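Let's take a walk through this model together. Keep the viewer open and follow along.

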Amino acid sequence: MSGNLLTKGLGIINRLKIGGFDYGAIEVANKTGNTIAAGALVYISGYDATLGLPTVALADADSTSKIACLVVPVAIATNWKGIAYEKYEIGSLNTNAATVG
């Protein structure tokens, strides 16, 4: 998905600026059957007409159709709605096992 979420008509509900960054918050629904963990990267997988919200699922770096476009700051239980952000700063990640190159 390319472009700003505002241009996609997905209903940005909040524009939050912190430290010069513009964080776009969007209300989303989790219909995956599993809880989406806090800090998870998600993509917009569909639309729930009953709730009037886009649905999200976990992004997958190995799939061109599941590219991350939002981050979930607080866990969202299955069949619940929550907030996802276009940009979000996540702390306390252990990157010791990661390698570059």
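Which residue's side chain does lysine 81 meet in a salt bridge? The partner is glutamate 27, with an N to O distance of 3.9 Å. Lysine 81 belongs to strand β6 (residues 80-85) and glutamate 27 to strand β2 (residues 21-30), so this contact ties together parts that sit 54 residues apart in sequence. Keep in mind as you look that this is a predicted model.

How covered up are these two? Lysine 81 has 49% relative accessibility, so it counts as partly exposed, since the exposed label needs over 50%. Glutamate 27 comes in at 26%, which also puts this residue in the partly exposed class, because buried would mean under 20%.

A search of the whole structure turns up 2 salt bridges. Besides the one we've just seen, there is a pairing of the side chains of lysine 31 and aspartate 48, at 3.5 Å from N to O. This pair also links distant parts of the chain: lysine 31 is in the loop between β2 and β3 (40-48), aspartate 48 is in strand β3, and 17 residues separate them. Here the two ends get different labels: lysine 31 is partly exposed at 40% relative accessibility, whereas aspartate 48 counts as buried at 12%.

Stay with aspartate 48 for a moment and step across to the next strand. Its bridge partner in β4 is leucine 53. Zooming out a little, β3 and β4 pair in the antiparallel sense over 6 bridges. The hairpin they form has 4 residues between the strands, and glycine 52 in this hairpin takes a positive phi near 70°.

Now for β4 itself. Of its 6 residues, 5 are buried, so the strand is largely enclosed by the rest of the structure. Threonine 55 is a handy example to click on: this residue lies in β4 and is buried, with a relative accessible area of 9%. What does threonine 55 touch, leaving aside its neighbours within four places in sequence? Its contacts are Ala29, Lys31, Tyr43, Ile44, Ser45, Gly46, Tyr47 and Asp48. Among them you'll recognise Lys31 and Asp48, whose side chains make the 3.5 Å salt bridge.

With those details in hand, pull back to the whole chain. There are 0 helices and 6 strands, giving the pattern β-β-β-β-β-β along the sequence. Of the contacts between residues at least 6 apart in sequence, 54% join residues at least 24 apart. Buried residues account for 31% of the 101 in the chain. The accessible surface adds up to about 6,600 Å², and carbon and sulfur atoms hold 53% of that area.

Finally, how confident is the predictor? The chain averages a pLDDT of 79, and 66% of the residues score at least 70. Among the elements, strand β4 (residues 53-58) has the highest mean pLDDT, at 93, while strand β1 (residues 12-18) has the lowest, at 55. Over residues 1-8, pLDDT stays under 50, and the model has 15 contacts beyond four places in sequence for this stretch.

Key:
Residues are numbered from 1 along each chain as its sequence is written. This is a predicted model: local features need pLDDT of at least 70, side-chain atom pairs count only at pLDDT 80 or more; totals for chains, interfaces and linings use all residues. Side-chain values use heavy atoms; hydrogens and water are left out. A salt bridge is a side-chain nitrogen of Lys or Arg within 4 Å of a carboxyl oxygen of Asp or Glu. Helices (H or I, at least four residues) and strands (E, at least two) are DSSP runs, numbered from the N terminus. Buried means under 20% relative accessible area, exposed over 50%, partly exposed in between (1.4 Å probe, protein chains only). Contact means heavy atoms within 4.5 Å. Accessible areas come from the Shrake-Rupley method with a 1.4 Å probe; for residues, only the protein chains shown count as cover. pLDDT is the predictor's confidence in each residue, from 0 to 100. Two strands pair if DSSP finds at least two bridges between them.
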